Every structure is written in structure tokens, then in C-alpha cells.
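Q: Could you take me through one part of this protein in close-up? I'd like to see how a single stretch sits among its neighbours, plus anything odd in the backbone.

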Amino acid sequence: MSELSLAYIFHNQQLLVDENHKLPSVEAMTGDLKLGTGDNVIARDLKTDDQIPAGFKLVPIRQLVSTWSTDEFLQASRAVQLLEWRRNHKFCSRCGHETEQHATEYTMTCPSCHYNQYPRIQPCVITVITRGDNEILLAKNANNKTNMYSLIAGFVEIAETLEEAVQRETLEEVGLKVKNIRYLSSQPWPFPSNLMLAFQAEYESGEIKLQEEEISDAQFFKFDELPEIPFKGSIAYAMIMHVIHQQPM
């Protein structure tokens, strides 16, 4: 019998785990994505005709953020993003020929024009904005059906610095100017392939004016009067706790 591999098996954004959120061990197959040395850790998509093994279930990986360790979630994040990249690059974007997965690198290679397509990440800034000593700006996304409030965030544009992105997103979404922008931390966020870059800033001027297609409400909240906020494990939660309780990022 061949050696078993620890397997990240996905159906869309859902991961196959047992009742204790442990991964299955399976025999490696041709077409598996290798995530470590040899075949000891692999990733694959669950095929439509595959049966879910007894004792296992599909769980949205968002649910695992707060229950898994950081290292466990980052490995799952890496696995799902690489599978998504491979799935979306079956054909060459330059000439249209079918691509092949490189034997030793994360590259989808075109055998016709030899163009290589590497995994891409999308940089996003997320900013915790304070006013005075005990107020924090929180906003409710227009597409969010819950009562959760979070931080101002958005994609970095071409030829834009991260600090410029912080200023632009804040001005666009809530009409405020900020100052004293400083970097805090980062987190890979596989929804679908983002890299969240965390910043802290201070309110400078302006009145809240919502970009209504993006934000349905935004307010400065007292530190001891917070609404529902993002779940533990997300970088937004860590940023809020860092500002209010001086917890390390």
C-alpha cells in the first residue's frame, strides 16, 4: 500500500473535514497539487461523482478561521487559492492553447508559446481609524445582510502606494480624510485570493458621507459601545482588539 497523504479536499470554498475539523488521509493521485515536500500534503478538488466518506463533511473555510491555529488556516488558504488558480488557468491567456502544470513549480505553462502563468494575489488595504482616545470608525457593508460592522477596506489600484490606497478608500467610502497612517500587519485571505494589509490611521477632517453602493452605515463608536464586529481569527478583529485593548497583532 502506498503512503497516505494529508489532503485538503475542496468543493468550492468548502473543505472536507471530520467532526473534529481534522483532514482526511488519502492515497495521492495524478493531478494532485503538492503542498509540501514529496506527496505528504496534497490538495485536490472534490469531483462531482465523489462520495463524501463516512464521518466527514464539507465545512466553509470561513468557519475554520476561529477554530484552527493560524498555521492551519494559512495552509488551507494556500491550498484553496492554488486550486482556484489552476482551475482558472487551463488555457493560455496569450495564445489560447491548453496549458500544462509545471512539474516542480507553481506555474501553468503553455507548450505552444511557452508563456508561464503564475499564481496571483490581490493586495487589499484595511484600516482601523480612530478619533480621539476612545472612538473607532466602523462601517456596515451594503451587501451584508447581518448587523456586523467592520473596517474600511478596498483593493489597491495600479501605480498606487498602500498609503494612497488607505486615503483614497476612506475618502471614497465615508468621505473622511485621515492622517498618521502606519502599517500594522497582514493576512492572506482566500476569498478569493486577497492579501489583507492592515493599517492604523487617525481621523483628520470631514463629515461622514456614505458611498451608498458600498456602505450602508458608518459611525464612530465609543470603545465600550461596539456593535457586532468581525469574528475572532480575522485580521479586522485583531485590529479592533489592538486599538481598544492594546493586544498585539
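**A close look at the annotated stretch**

A: One residue to start with: Asn180 counts as partly exposed, at 43% relative accessibility. Asn180 lies in strand β13, and its phi is near 50°, a positive value in a residue other than glycine. That's worth a glance, because most residues other than glycine have a negative phi.

Let's step back for the setting. This is a predicted model, divided into domain 1 (2-87), domain 2 (88-119) and domain 3 (120-243). The C-alpha centres of domain 2 and domain 3 are 36 Å apart. An unreviewed UniProt entry carries the annotation "domain: Nudix hydrolase" for residues 119-243. That span is 18% helix and 43% strand, and its end C-alpha atoms lie 34 Å apart.

Now for helix α2, which runs over residues 162-174. With 13 residues, α2 reaches 18 Å from first C-alpha to last, close to the 18 Å expected at 1.5 Å a residue. Its buried residues are Ala165, Val166, Arg168, Glu169, Thr170, Glu173 and Val174. As a reminder, an α-helix has 3.6 residues a turn, so residues three or four places apart point the same way. What do the buried residues of α2 pack against? They meet a set of strands: β10 (122-131), β11 (135-141), β12 (152-155), β13 (177-189), β14 (194-205) and β15 (215-222). Just after α2, Gly175 takes a positive phi of about 75°.

One of those strands, β11, holds Lys140. Is Lys140 buried or exposed? Its relative accessible area is 14%, so Lys140 is buried. The side chain of Lys140 reaches two backbone oxygens: that of Asn144 at 3.0 Å, and that of Thr146, also at 3.0 Å. Leaving aside residues up to four places away in sequence, Lys140 touches Thr146, Asn147, Met148, Tyr149, Glu214, Ile215, Ser216 and Asp217. The C-alpha atoms of Lys140 and Ser150 are separated by 6.3 Å, with the two residues 10 apart along the chain.

Two more backbone oddities are left. In the loop between β13 and β14 you'll find Pro192, joined to Phe191 by a cis peptide bond with omega of about 5°. Further along, in the segment after α3 (235-245), comes Gln246. Gln246 has a positive phi of about 55° although it is not a glycine, and with a relative accessible area of 60% it is exposed.

Methods:
Residues numbered from 1 in each chain as written. Predicted model: local features only at pLDDT ≥ 70, side-chain atom pairs only at ≥ 80, totals over all residues. Heavy atoms only, no water. Domains from an automatic or database assignment. UniProt positions renumbered as here; feature names shortened; annotations may be inferred. Helix = DSSP H or I, 4+ residues; strand = E, 2+ residues; numbered from the N terminus. Expected span 1.5 Å × (residues − 1). Buried < 20%, exposed > 50% of the residue type's maximum accessible area, 1.4 Å probe, protein only. Contact = heavy atoms within 4.5 Å. Polar contact = N/O pair within 3.5 Å; in protein donor to acceptor, adjacent residues only side chain to side chain.
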